[in-house]
Amino acid sequence: MRVLLVEDDIPLSQQIKKDLHKEGFVVDMVDNGIDAEFMGAEEPYDAIILDLGLPQRPGLEVLSHWRAQGNKVPIIILTARDAWHQKVDGFKAGADDYLAKPFHIEELIARLNVLIRRSQTQDIGSLQVDGLKLDEEHQAVVDEKGSRSELTGTEFRLLRYMMMHPRVVLSKSRLTEHVYDYSSDRDSNVIEVYIKRLRNKLGNELIKTKRGQGYIFGKPSQ
Ligand code: CA
């Protein structure tokens with residue numbers, strides 16, 4: 001899952017980025033409203049964390065512009081403590097959730113997971129497809145026979161994205177965009193390597209290659 005983090009308090013955003021990374025998110029950071037609006041419009045994020053008090057362009061304005069352009073990405077706003085009107089204005093402008101500063105990182109992660117799950121799948125329980133169950137807390141996967149495989153960071157990010165989008169063709173470039181951040185050297189051929197590793201762990205049947213198009217995750221629907 002790829003997240004845009006918009007926050008002008010640099011030590012805070014570096015800490016959030018580090019913590020989110022541990023949870024299997026890739027994070028792009030921007031520290032002002034102008035860059036935020038550009039990145040949010042150009043890149044396919046799975047969620048955006050948006051501080052409202054920003055230099056160059058206020059967060060609320062950035063948020064309304066995205067929504068006016070039809071951008072439906074889930075957005076959680078960071079508001080000042082006790083500023084109830086910011087929450088109301090934020091929801092009116094199209095925010096999906098808010099968190100008042102200071103907050104515990106665990107709460108941000110929990111809210112982010114719910115938002116993304118809600119926007120990408122119907123199921124907000126644990127992620128389960130065709131007998132395969134993802135253990136998001138420990139970054140592992142359990143198959144239908146109950147045998148468990150640990151996943152590396154990239155394998156986990158890739159598998160989670162595919163499990164959230166079963167039975168559709170996922171191109172290598174789409175997978176790359178959701179598994180790596182903006183600054184990474186995004187070579188889509190690397191995806192092949194990780195697909196191979198996942199097949200070694202999960203068997204060959206769950207991830208099919210669509211020649212020239214990409215991959216399909218999951219057994220075909222009856
Ligand atoms: Ca701020």
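Buried means under 20% relative accessible area, exposed means over 50%, and partly exposed lies in between. By that scale phenylalanine 91, at 39% relative accessibility, counts as partly exposed. The structure discussed here is a predicted model.

**Domains**

The protein is divided into domain 1, covering residues 2-119, and domain 2, covering residues 127-217. Taken over C-alpha atoms, the centres of domain 1 and domain 2 are separated by 26 Å. Their contact takes 17 residues from domain 1 and 16 residues from domain 2.

**Salt bridges**

A search of the whole structure finds 18 salt bridges. Three of them are listed below, with the N to O distance of each.

| Pair | N to O distance |
|---|---|
| Arginine 2 and aspartate 28 | 2.8 Å |
| Lysine 101 and glutamate 7 | 2.9 Å |
| Glutamate 144 and lysine 219 | 3.6 Å |

In the salt bridge of arginine 2 and aspartate 28, the side chains meet at 2.8 Å, N to O. Arginine 2 lies in strand β1 (residues 2-6) and aspartate 28 in strand β2 (residues 26-30), so the pair ties together parts that are 26 residues apart in sequence. Arginine 2 counts as buried because its relative accessibility is 0%. Aspartate 28 has 5% relative accessibility and therefore also counts as buried.

Lysine 101 and glutamate 7 meet through their side chains at 2.9 Å, N to O. This pair links distant parts of the chain, 94 residues apart. Lysine 101 is in the loop between β5 (97-100) and α5 (105-120), while glutamate 7 is in the loop between β1 and α1 (10-22). Which level of exposure does lysine 101 have? Lysine 101 is partly exposed, with a relative accessible area of 22%. Glutamate 7, by its relative accessible area of 1%, is buried.

For glutamate 144 and lysine 219, the closest N and O atoms are 3.6 Å apart. Glutamate 144 lies in the loop between β8 (140-142) and β9 (148-150), and lysine 219 in the segment after β12 (214-217), so the pair ties together parts that are 75 residues apart in sequence. Glutamate 144 has a relative accessible area of 60% and is therefore exposed. Lysine 219 is partly exposed, its relative accessible area being 36%. Elsewhere, salt bridges that share partners join Arg2, Asp28 and Glu43 into one network.

**Aromatic rings**

The search for aromatic pairs across the whole structure finds 1. It is formed by phenylalanine 91 and tyrosine 98, whose ring centres are 5.9 Å apart and whose planes are at 85 degrees, an edge-to-face arrangement. The angle is over 60 degrees, so the pair counts as edge-to-face rather than stacked or tilted. Phenylalanine 91, as stated at the start, is partly exposed at 39% relative accessibility. Tyrosine 98 also counts as partly exposed, at 28%.

Another ring has a charged partner. Arginine 160 lies over the face of phenylalanine 25, at 4.9 Å from the ring centre.

**Calcium site**

Which protein donors does the calcium ion have? They are Asp8 (OD), Asp51 (OD) and Gly53 (O), lying 2.2 to 2.3 Å from the ion. Along the chain, the donors of the calcium ion follow the spacing D-x42-D-x1-G. Water is not among the atoms, so sites may look incomplete. Aspartate 51 counts as buried because its relative accessibility is 5%. Glycine 53, at 49% relative accessibility, counts as partly exposed.

**Isoleucine 49 and glutamine 14**

Isoleucine 49 lies in strand β3 (residues 47-51). Is isoleucine 49 buried or exposed? Its relative accessibility is 0%, so isoleucine 49 counts as buried. Not counting residues up to four places away in sequence, isoleucine 49 touches Val3, Leu4, Leu5, Val6, Leu20, Ile76, Leu78, Leu108 and Leu112. Between the C-alpha atoms of isoleucine 49 and glutamine 69, which are 20 residues apart along the chain, the separation is 18 Å.

Glutamine 14 has its place in helix α1. With a relative accessible area of 46%, glutamine 14 is partly exposed. Glutamine 14 and valine 27 are 13 residues apart in sequence, and their C-alpha atoms are 9.9 Å apart in space.

Key
Residues numbered from 1 in each chain as written. Predicted model: local features only at pLDDT ≥ 70, side-chain atom pairs only at ≥ 80, totals over all residues. Heavy atoms only, no water. Salt bridge = Lys/Arg side-chain N within 4 Å of Asp/Glu carboxyl O. Helix = DSSP H or I, 4+ residues; strand = E, 2+ residues; numbered from the N terminus. Buried < 20%, exposed > 50% of the residue type's maximum accessible area, 1.4 Å probe, protein only. Phe/Tyr/Trp six-rings, centres within 6.5 Å; stacked < 30°, edge-to-face > 60°. Lys NZ or Arg CZ within 6 Å of the ring centre and 35° of its normal. Donors = N, O, S within 2.8 Å, 3.2 Å for Na, K, Ca; no water. Domains from an automatic or database assignment. Contact = heavy atoms within 4.5 Å.
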